[in-house]
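User: I should be grateful for a close look at a single part of this structure. Please take one strand of the sheet, describe its surroundings, and then place it within the chain as a whole.

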Amino acid sequence: MKLRFSVFLAALFSVACLTTSTLLEAHSQDEAMAERIPVALVTGSTRGLGEEVARRLGAKGYHVVVHGRNVERGEAVVCAIVEAGGQAEFRRADFLSLDQVRELANGVLTDFEHLDLLVNNAGIGSDEDGKLVSEEGYEPVFQVNYLAHFLLTEKLMPLLVNSVPARIVNVSSGAQAAIDFDDVMLENWQPDGRQIGRPYAQSKLAQILHTYDLAERLEGTGVIVNTLHPATFMDTYMVRQAGIEPRATVDEGADRVMQLITDDVGSGNYFVDGKPTRAHEQAYDEAARQRLRELSLELIGHND
Ligand SMILES: NC(=O)c1ccc[n+]([C@@H]2O[C@H](COP(=O)([O-])OP(=O)(O)OC[C@H]3O[C@@H](n4cnc5c(N)ncnc54)[C@H](OP(=O)(O)O)[C@@H]3O)[C@@H](O)[C@H]2O)c1
């Protein structure tokens with residue numbers, strides 16, 4: 001009963017969050033685990049959109065695996081979910097290291113008998129000071145936003161398939177730029193004023209290509225996968241740090257993500273404003289999708 005052990009740990013953790021008068025509640029959560037409680041992993045749920053989605057999933061009765069780099073923020077989100085009567089635990093992994101992504105995936109595979117929902121949400125808008133490089137030497141925005149999630153999804157796929165009906169939601173963006181397969185790591189790219197967002201836009205289109213590719217591979221398995229632009233310039237760290245005046249709330253974006261978790265939305269679609277929408281033309285180029293898949297497998301190492 002791997003899940004029961006995990007919930008025992010969550011109950012222990014909840015001691016730190018809850019007063020003793022509510023401890024009994026934590027025990028009753030443990031009892032409740034005799035039933036099949038749905039499990040959700042939300043990457044990048046220590047703040048912003050991911051945090052709000054994690055809180056809503058906790059309120060809906062999921063056991064939420066909160067993920068991010070910042071332990072303090074992660075534990076605060078877990079406490080908020082537990083104090084609201086839900087179940088959650090925090091797992092740390094820096095997606096600038098593919099080894100840390102593997103550790104996260106292996107931990108989930110070891111500790112849970114099923115995984116009902118994977119929300120690939122963690123992201124960075126830019127290489128903040130232009131000095132970051134991933135542990136593997138890859139372009140950092142491509143790695144955090146796309147490649148780490150490609151690896152995580154590949155590793156968790158057998159568990160998702162064994163947990164059907166299961167869902168994957170890839171949080172992409174309306175900002176999309178064609179992947180230049182001759183320079184994916186943007187080594188020869190010279191940013192100018194207009195193209196400053198190219199690393200982000202390339203990584204976000206890669207997520208959409210991955211979604212379409214996955215939907216084909218998963219057809220008939222009972223795992224559905226969709227992607228979306230959640231909202232334009234939500235009031236989050238990413239937007240504020242870019243010096244952009246927020247135009248939307250995190251709630252608006254979370255409503256859109258929840259739609260892909262709860263509604264009958266089919267599989268293999270890109271949603272904007274809650275409706276299936278056409279993405280950048282490269283997403284419909286089968287050769288480009290195959291090339292990205294082969295390149296991604298090579299970048300993560302074929303053993304994965
Ligand atoms: N904000 C918008 O208007 C907007 C629009 C379209 C799409 N999106 C997409 O929505 C998603 C969430 O964005 P947001 O606006 O909520 O951003 P945010 O508030 O900046 O949150 C980003 C999350 O990603 C995590 N993260 C960042 N770098 C990481 C790394 N190296 N390894 C692991 N986790 C990392 C952060 O964890 P720590 O806090 O622990 O570092 C945090 O939980 C992103 O995929 C973004 O592209 C946002």
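Analyst: The model shown here is predicted. Across the whole chain, among contacts between residues at least 6 apart in sequence, 70% join residues at least 24 apart. The chain holds 10 helices and eight strands, and 44% of its 304 residues count as buried.

The strand chosen for the close look is β6, which comprises residues 223-229. This strand is mostly covered, with seven of its seven residues buried. Residues count as buried here if 20 or more other C-beta atoms lie within 10 Å of their own. In a regular strand the side chains alternate between the two faces of the sheet. In β6, Val223, Val225, Thr227 and His229 point one way, while Ile224, Asn226 and Leu228 point the other way. Both sets are buried.

β6 has a pairing partner on either side in the strand order. With strand β5 (residues 166-171), β6 pairs in the parallel sense over six bridges; within this pairing, Arg167 has Ile224 of β6 as its bridge partner. With strand β7 (residues 270-272), β6 again pairs in the parallel sense, over three bridges. Here His229 is matched with Val272 of β7.

These pairings belong to an open sheet of eight strands, ordered β3-β2-β1-β4-β5-β6-β7-β8, with mixed pairing. Its edges are formed by β3 (87-92) and β8 (275-276), each of which pairs on one side only. Elsewhere in the sheet, strand β1 (residues 39-42) and strand β2 (residues 63-68) run parallel and are joined by four bridges, and Leu41 stands opposite Val65 in β2.

Helices also lie across the sheet. Helix α9 (residues 250-262) lies across β6 as well as β4, β5 and β7, and runs at about 155° to β5. Helix α3 lies across β1, β2, β3, β4 (117-120) and β5, with a direction at about 170° to β1.

Helix α3 also leads to the ligand: α3 (48-59) and α8 (237-241) each supply at least two residues of the shell around the ligand. That shell numbers 30 residues, of which the closest are Gly44, Gly48, Gly68, Gly123 and Thr236. By class, the shell has 14 nonpolar, 12 polar and four charged residues.

Note on methods. Residues are numbered from 1 along each chain as its sequence is written. This is a predicted model: local features need pLDDT of at least 70, side-chain atom pairs count only at pLDDT 80 or more; totals for chains, interfaces and linings use all residues. A residue is near a molecule or strand if its C-beta atom, placed from the backbone, lies within 6 Å of it. Ala, Val, Leu, Ile, Met, Phe, Trp, Tyr, Cys and Pro count as nonpolar, Asp, Glu, Lys and Arg as charged, and the others, Gly among them, as polar. A residue is buried if 20 or more other C-beta atoms lie within 10 Å of its own, exposed if 12 or fewer, and partly exposed in between; C-beta atoms are placed from the backbone. Two strands pair if DSSP finds at least two bridges between them. Two residues are in contact if their C-beta atoms, placed from the backbone, lie within 7 Å. Axes are lines fitted to C-alpha atoms, for helices over the stretch in contact, and angles run from 0 to 180 degrees between N-to-C directions.
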